[in-house]
Amino acid sequence: MSNEESGTSEQTLSNLLKEDRRFDPPADLAAEANLTEEAYARAAADREGFWAEQADRLSWETRWDRVLDWDDPPFAKWFVGGRLNAAYNCVDRHVDEGRGDQVAIHWVGEPVDDERTLTYAQLKDEVSQAANALAELGVGTGDRVAIYMPMIPETVVAMLACARLGAPHTVVFGGFSADALASRVDDCGAEVVITSDGGYRRGAASSLKPAVDEARTKTDKIRKVLVVQRTGQDVTWDDDVDVWWHDAVGSASTEHTPEAFDSEHPLFVMYTSGTTGKPKGILHTTGGYLTGAAFTHWAIFDLKPETDVYWCSADVGWITGHSYLVYGPLANGVTQVMYEGTPDHPAKGRWWDIIEKYKVSIFYTAPTAIRSFMKQGREIPDSRDLSSLRVLGSVGEPINPEAYVWYREVIGGGRTPVVDTWWQTETGMILISPLPGVTRGKPGSAMIAIPGVEADVVDDEGTSVPDGSGGYLVLKEPWPAMLRTIWGDDQRFKDTYWSRFKKQGFYFAGDGAKKDDDGDVWVLGRVDDVMNVSGHRLSTTEIESALVSHPKVAEAAVVGATDEDTGQAVCAFVILRDEAGDGGEDIVEELRNHVRQQIGAIAKPRQIMVVPELPKTRSGKIMRRLLRDVAENREVGDVTTLADSTVMDLIQQGSSGAK
Ligand code: WT7
């Protein structure tokens, strides 16, 4: 693999690897750390025994009789024969063990002072009510339920109610369009959708229900829509389909007996972009997933559930929200903060106000957010009391050393370890990360695989590369929270993740990485046609399909260009149809909005260039690396494999005036 493919230049890489700042774990944290150095050797000596020990953190109705069944790879079964209920583990268990009065969620709405606190006992009542209401709507074990919600407590309640019934949920990020919602509902066959009238964002009420109404015109699967009233805005109502949450859930009984399900019972499907236009429904099951989420949340954040206040800023609509806002933290019985809105409403510093008010001790966010705070300067966080913080986490994209050091110094007061956590929707849990009480932190490196996980960097043949070299990131052994398949598509599951190397049982993550001279891993970014914008995964093909679905577009090519704020940004090159002429003055804006409508605002291209040709090889493959050169204002690289080498001149002439 060349660095060009991974989107990182040789220059950037050698600068990164020259980084020589090191941060030792604080002595007091190390002394009391949940995991110590010995865990690595212990897990390596008996990996399955180690994971069995972690599964014992949960409450099982029936204990498993085999830790791992890997007889038919890549189809894994973990904790075979075990039976448990995920919602019981996240809620009831804490009440049964006498922690019912402990706060589970300090919910902070975007409008200032719009707050709500839920104890574990209250959460248990609400989850039970919602489970009864869903059962009343005909939801049974195995039925899929789509959740399309803002960041409000009912979203967590809805997920847990589904888990309680053994009805796999599929949460669709509220920023996705009606089209995206409809295609996901269709793919997994969800008959019930849980949504709200809207939510608050940047000081105004945004709407969600109209998108569900529109989705119903695009798929005939949806039978019932359960609607939470959050903003009180007007909604269109269909008496045959729509049901108010406050009616159905509000009137339901708080008594509900959770049934135990097989360890491999589907817990949820989370859609994520792949290299084709069709998102993949990543399937996670119950016992292994919950074990992995709970263990990593406890180990990597050094969680002390009795005293810590934890906050993960991710939206529940992404995997981070699933594993580290819902399942991990609640299985561990911690008190956490959940925030509805944006970091700068009503003013910059809102996040720091929340940390100060709730004395947050563990904070987990994304590099893109950190970079935007760096731009605002340190005066704002400096004027708040952030001394409660003791561990900081980062996720979603590589964290550049400057952002890491700023995060540690300015937000963490120079005391807090920063854990740079590498994982994916597919992995379900963090796999590569420092341990706050053990690891000597190195800004920019996710360091090494956590105990119980075997990661490596390999070459094209699947052979481990020596320290100091780059290659592909792989996982060599199964792990409990691994995806089990792609919903309805076992073949795509095998082809995408398990067929890249001849060696059986190697999981191909799709990331390029380098091992430095100490053997520590530096994740460089995707090696496939997947972009990472603000820590969110987007597929070039999906955006290209959206663009060519516009009547004026003949052809489109999309690349991820390096962006100071968002890591990567979407840059599109389009050829217009002859009959569209020059497309009109507002063609660029028209196309950007079209992408927004097709996929969602996060996919809206930063830049669209109308060009006369696209660079293609003789076999017709678009050479995205050349387009990336244009998008990043670099000198265009080697064009010798182009079918027509003059094309790049045309594109550059054409793009010079583009927005
Ligand atoms: C891709 C997975 C995992 C939750 C959020 C994203 C990139 C993720 C890191 C990190 C460098 C990272 C990878 C990965 N990524 N964390 N700490 N350092 N890159 O989940 O949407 O499934 O995306 O995000 O490229 O493959 P996702």
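Q: Leaving aside neighbours within four places in sequence, which residues is Asp197 in contact with?
A: Asp197 is in contact with Ser206, Ser207, Leu208, Lys209, Val227, Val228, Gln229, Arg230, Thr231, Gly232, Gln233 and Val235, where contact means heavy atoms within 4.5 Å. This is a predicted model, in which local features need pLDDT of at least 70 and side-chain atom pairs count only at pLDDT 80 or more, while totals for chains, interfaces and linings use all residues. Residues are numbered from 1 along each chain as its sequence is written, and side-chain values use heavy atoms, with hydrogens and water left out.

Q: Where is Asp197 found?
A: In the loop between β8 (192–196) and β9 (198–201). Helices (H or I, at least four residues) and strands (E, at least two) are DSSP runs, numbered from the N terminus.

Q: How far away is the nearest side chain of opposite charge to Asp197?
A: That side chain is Arg230, 7.0 Å away, and Asp197 has no salt bridge although Asp197 is buried. Lys and Arg count as positive, Asp and Glu as negative, and His and the chain ends are not counted. A salt bridge needs a side-chain nitrogen of Lys or Arg within 4 Å of a carboxyl oxygen of Asp or Glu. Buried is under 20% relative accessible area, exposed is over 50%, and partly exposed is in between (1.4 Å probe, protein chains only).

Q: Which backbone nitrogen lies 2.7 Å from a polar atom of the Asp197 side chain?
A: The one of Gly232. A polar contact is a pair of N or O atoms within 3.5 Å; within protein, one must be able to donate a hydrogen and the other to accept it, and residues adjacent in sequence count only if both atoms are side-chain atoms.

Q: What does β9 pair with, by how many bridges?
A: Four bridges join β9 to β10 (residues 204–207), and the two strands run antiparallel. Strands pair if DSSP finds at least two bridges between them. Tyr200 stands opposite Ala205 in β10. The hairpin has two residues between the strands, and Arg202 there takes a positive phi near 50 degrees.

Q: Switching to β4. How many of its residues are buried?
A: Six of the six, residues 103–108, so β4 is largely enclosed by the rest of the structure.

Q: Which strands is β4 joined to?
A: Five bridges join β4 to β5 (residues 115–119), antiparallel, with Val103 opposite Thr119. Four bridges join β4 to β17 (residues 335–339), parallel, with Val108 opposite Tyr339.

Q: What is the phi of Asp113, in the loop between β4 and β5?
A: Near 75 degrees, a positive value in a residue other than glycine. Most residues other than glycine have a negative phi, and most peptide bonds are trans. The hairpin of β4 and β5 has six residues between the strands, and Asp113 counts as exposed because its relative accessibility is 64%.

Q: What about Ser534, where does that one lie?
A: In the loop between β26 (530–533) and β27 (536–539). Its phi is near 50 degrees, also positive, and Ser534 counts as partly exposed at 22% relative accessibility.

Q: Which residues does a cis peptide bond join?
A: One such bond joins Pro73 and Pro74, with omega about 5 degrees; Pro74 lies in the loop between β1 (66–72) and β2 (75–80). Another joins His345 and Pro346, with omega about 0 degrees, and Pro346 lies in the loop between β17 and α14.

Q: Is Thr342 buried or exposed?
A: Buried, with a relative accessible area of 2%. Thr342 is in the loop between β17 and α14 (350–358). Not counting residues up to four places away in sequence, Thr342 touches Glu110, Arg201, Arg202, Arg350 and Trp351.

Q: On to the ligand. How many residues surround it, and which are the closest?
A: There are 18, the closest being Asp420, Thr421, Thr425, Asp511 and Arg537; a residue counts as near if one of its heavy atoms lies within 4 Å.

Q: Which N or O atoms of the protein lie 2.8 Å, 2.6 Å and 3.4 Å from ligand atoms?
A: A backbone N or O atom of Thr421 lies 2.8 Å from a ligand nitrogen. A side-chain N or O atom of Thr425 is 2.6 Å from a ligand oxygen, and one of Asn532 is 3.4 Å from a ligand oxygen.

Q: Last one, α21. Why is it largely enclosed?
A: Seven of the eight residues of α21 (residues 624–631) are buried, so the helix is largely enclosed by the rest of the structure. Arg624, Arg628 and Asp629 are among the buried ones. Asn633, which follows α21, has a positive phi near 55 degrees.
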